[in-house]
Amino acid sequence: MTTPAVPPATTTPGAAAGPTQLIAPGGAPAATPPNFQTPDFLNGAPPAPPVPGSAEDPLAALRDIHLPPDVPLFPLAPGWYVLAGLVVLVLIILAVREWRWRQTLAYKALKMFDAEVGRAEPDDTHAVAVAASDVLRRLVRAESGEAKATLTGEAWARLLVTGRAPFAPREAAFLARAPYMPAQTAEQVAAGSITPATLADAVRRHIRARR
């Protein structure tokens, strides 16, 4: 089997000079071969950046950053309700203790003593001793009966140095004798060792301990 011979390319007479046109067998012009262009990266030129917003832009598919919503104040976490319950419980306990203290004889005696001392002169030790003796005898009478409330002298002083907040021996002796002394004599006895402030503090401490 022999291959038919391809006739040589011919040109049209009188045509302008130009590129040679291939003639296919049978006289029809052959198809023009495609014009391939060399890519830019093969020529050493950098690739063109993608146009923003185009399909070739890789950032076009990203979404904006959305921050989470603020944490609301309510509803509170369970631990806050437990803490609030404990605080309320403590306040109720303190209120009940204060109410019970105000119902005691010691509280009433303390208020009475403060009222009597408030009417006395700030440096009047004798007046503080008289007020303390009156209040303490009323308190002892209400708690222990008339027998102990009528004690005098050394017996009354021995009673005052007992209990949870006892008086110092010198303070107890002064309280046992001062109400029966003239004011000037009582001031001389207390001079240098007993002051109105220290004696009043000792009386308040003793009364609170009897609650």
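This report looks at a surface patch and two buried residues in a predicted model.

## Ground rules

Local features in this predicted model need pLDDT of at least 70, and side-chain atom pairs count only at pLDDT 80 or more, while totals for chains, interfaces and linings use all residues. Residues are numbered from 1 along each chain as its sequence is written, and side-chain values use heavy atoms, with hydrogens and water left out.

## Histidine 126

Helix α3 spans residues 125-144 and holds histidine 126; helices here are DSSP runs (H or I, at least four residues), numbered from the N terminus. Is histidine 126 buried or exposed? Histidine 126 counts as buried because its relative accessibility is 14%, where buried means under 20% relative accessible area, exposed over 50%, and partly exposed in between (1.4 Å probe, protein chains only).

Leaving aside residues up to four places away in sequence, histidine 126 touches Ala178, Met181, Pro182, Ala183, Ala186 and Glu187. A contact means heavy atoms within 4.5 Å.

## Valine 203

Further along the chain, helix α8 (residues 196-209) contains valine 203. With a relative accessibility of 0%, valine 203 is buried.

Its contacts, again without residues up to four places away in sequence, are Phe113, Ala132 and Phe167. Glutamate 171 is 32 residues from valine 203 in sequence, with 9.6 Å between their C-alpha atoms.

## Leucine 94 and the nonpolar patch

Now to the surface: leucine 94 belongs to helix α1 (residues 78-102) and is partly exposed, at 49% relative accessible area.

Leucine 94 also helps make a nonpolar surface patch of about 1,000 Å², whose other members include Phe74, Trp80 and Tyr81. Such patches join nonpolar side chains (Val, Leu, Ile, Met, Phe, Trp, Tyr) within 5 Å, or like charges within 9 Å, from residues with over 30% relative accessible area and no salt bridge. The areas come from the Shrake-Rupley method with a 1.4 Å probe, and for residues only the protein chains shown count as cover; a salt bridge is a side-chain nitrogen of Lys or Arg within 4 Å of a carboxyl oxygen of Asp or Glu.

Terms used. Helix = DSSP H or I, 4+ residues; strand = E, 2+ residues; numbered from the N terminus.
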